[in-house]
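Good morning, and thank you for making time for this presentation. Please look at the sequence and the structure on the screen before I begin.

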Amino acid sequence: MTRKYLMVGNWKMNQTLSEIDTFFKTLNEVGVKYSCDMKIGIAPQAMHLSTCLNKIGTTDIVIGSQTCSEYEGGAYTGELAPKALKELGCGFTLIGHSERRTIYGETDKEINAKTANALSSDLDVILCIGETLEEREAGKTIEVVMSQLEGALTKGEKAIEFTGNQLTIAYEPVWAIGTGKTASPEQAEEVHAEIRKFLKATYGDAGQDIFILYGGSVKPANVKELLAQPNIDGGLVGGASLEAESFAALCNATK
Ligand code: PEP
């Protein structure tokens, strides 16, 4: 088994240039213990990708985008081409974040096409899935999560091909994102174990090595017990990734 840990900050529509400057200076002062057991990613707003790529210097941090286009290039105003993101130096893109699904109406069809397009441009994909509170209360969590996995990976129009760790899954219960409510480690593990079963059934041995991140109000106070679960391989973190001190604490907790 080659799985290690991955901690990814999703900055959403936050962080100005001066805040980014402070973030990286403070991160450097606080100190992240970079090791080959831990991978770290940050997804800033698109206009700050180059700045962040310059700021990471010789650290092991990988910079990625928060979404990308389903198209290769052309007349798609406002969109981000995976090929151009890759050339810029980005290592990954988030796809299907619940805010993209609910606020911008992204469908499984688009998520499947974006995933295929990013992977074919050699950009790693962090595919986000998760149920709403209503769906959880109706006992539909696993059904919803499986249907999102199938929609993106196995039942979509586009074939999804990847090798190694090019694909990561982020389970993010929508009711826990930005709300301060975290799924208990047991609630999260229950879903992660089902996701792992799906990945192994679909991809065989390779499915065992796909990272499954948990997202939803991860913070320094709860990260260790989440990471202690067998199928939780790291976190996708919004709020607690904005301050260098708490992001460093999360990254160092993976050791
Ligand atoms: C997210 O945006 O993916 C997220 C999990 O946010 P937060 O950590 O703030 O809940």
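I shall speak about the strands, one helix, the pockets and cavities, and finally two loop residues.

Please keep in mind that this is a predicted model.

Let me begin with the overall arrangement. Which order do the strands follow around the barrel? There are 8 strands, and they close into a barrel in the order 1-2-3-4-5-6-7-8, with parallel pairing. On average, neighbouring strands of this sheet are turned by 25° against each other, if direction is ignored. As a reminder for those new to the subject, strands of a sheet pair through backbone hydrogen bonds, and the pairing may be parallel or antiparallel.

Two places in the barrel show this pairing in detail. The first place is strand 1, residues 5–10, which pairs with strand 2, residues 38–43, in the parallel sense over 6 bridges. Within that pair, Gly-9 stands opposite Ile-42 in strand 2.

The other place is strand 6, which has a partner on either hand. Strand 5, residues 124–129, pairs with strand 6 in the parallel sense over 5 bridges, and here Leu-127 stands opposite Ile-169 in strand 6. Strand 6 also pairs with strand 7, residues 212–215, again in the parallel sense, over 3 bridges. In that pairing Tyr-171 stands opposite Tyr-214 in strand 7.

How many of the residues of strand 6 are buried? Strand 6 covers residues 167–171, and 5 of its 5 residues are buried. In a regular strand, side chains alternate between the two faces of the sheet. Both faces of strand 6 are covered: Leu-167, Ile-169 and Tyr-171 are buried on one side, and Thr-168 and Ala-170 are buried on the other.

I turn now to a helix. Helix 11, residues 244–253, is mostly covered, with 8 of its 10 residues buried. Among the buried residues are Phe-247, Leu-250 and Cys-251, together with Ser-246 and Asn-252. What do the buried residues of helix 11 pack against? Their partners are strand 1, strand 2 and strand 8 (234–237), as well as helix 1 (17–30) and helix 10 (223–227). Strands 1 and 2 are thus familiar from the pairing I described a moment ago.

Next come the pockets. The largest pocket has a volume of about 550 Å³. It is lined by 20 residues, of which Lys-12, Gln-66, Thr-67, Arg-100 and Tyr-104 are the closest to its centre. Helix 4, residues 98–103, gives the most to this lining, with 3 residues. By class, the lining of the largest pocket holds 8 nonpolar, 8 polar and 4 charged residues.

The second largest pocket has a volume of about 240 Å³. Of its 13 lining residues, Glu-70, Tyr-71, Lys-109, Ala-113 and Lys-158 are the closest to the centre. The lining of this second largest pocket has 3 nonpolar, 4 polar and 6 charged residues.

Let us move on to the cavities. The count comes to 2 cavities of 30 Å³ or more. The largest cavity has a volume of about 40 Å³. Its lining includes His-97, Arg-101, Cys-128, Gln-148 and Glu-172. Helix 4 and strand 5 each supply at least two residues of this lining. By class, the lining of the largest cavity divides into 4 nonpolar, 5 polar and 2 charged residues.

The second largest cavity has a volume of about 30 Å³. Tyr-214, Val-218 and Ile-232 are among the residues that line the second largest cavity. Which helix gives the most to this lining? Helix 10 does, with 3 residues, and both helix 10 and strand 8 supply at least two. The residues of this lining divide into 6 nonpolar, 2 polar and no charged.

I close with two loop residues. Lys-12, which we met as one of the residues closest to the centre of the largest pocket, lies in the loop between strand 1 and helix 1. Lys-12 has a positive phi of about 50°, although it is not a glycine.

Ser-217 is found in the loop between strand 7 and helix 10. Its phi is also positive, at about 55°, and it is not a glycine either. Is Ser-217 buried or exposed? With a relative accessible area of 15%, Ser-217 is buried, because the cut-off for that word is under 20%.

Thank you for your attention.

Key. Residues numbered from 1 in each chain as written. Predicted model: local features only at pLDDT ≥ 70, side-chain atom pairs only at ≥ 80, totals over all residues. Heavy atoms only, no water. Pairing = 2+ DSSP bridges. Helix = DSSP H or I, 4+ residues; strand = E, 2+ residues; numbered from the N terminus. Axes fitted to C-alpha atoms, helices over the stretch in contact; angles between N-to-C directions. Buried < 20%, exposed > 50% of the residue type's maximum accessible area, 1.4 Å probe, protein only. Contact = heavy atoms within 4.5 Å. 1 Å grid on protein atoms, 1.4 Å probe; cavity = no way out; pocket = protein on both sides within 12 Å on 5 of 7 lines; lining within 4 Å. Points joined across faces, edges and corners; volume = space filled by probe spheres on them. Nonpolar A, V, L, I, M, F, W, Y, C, P; charged D, E, K, R; others polar.
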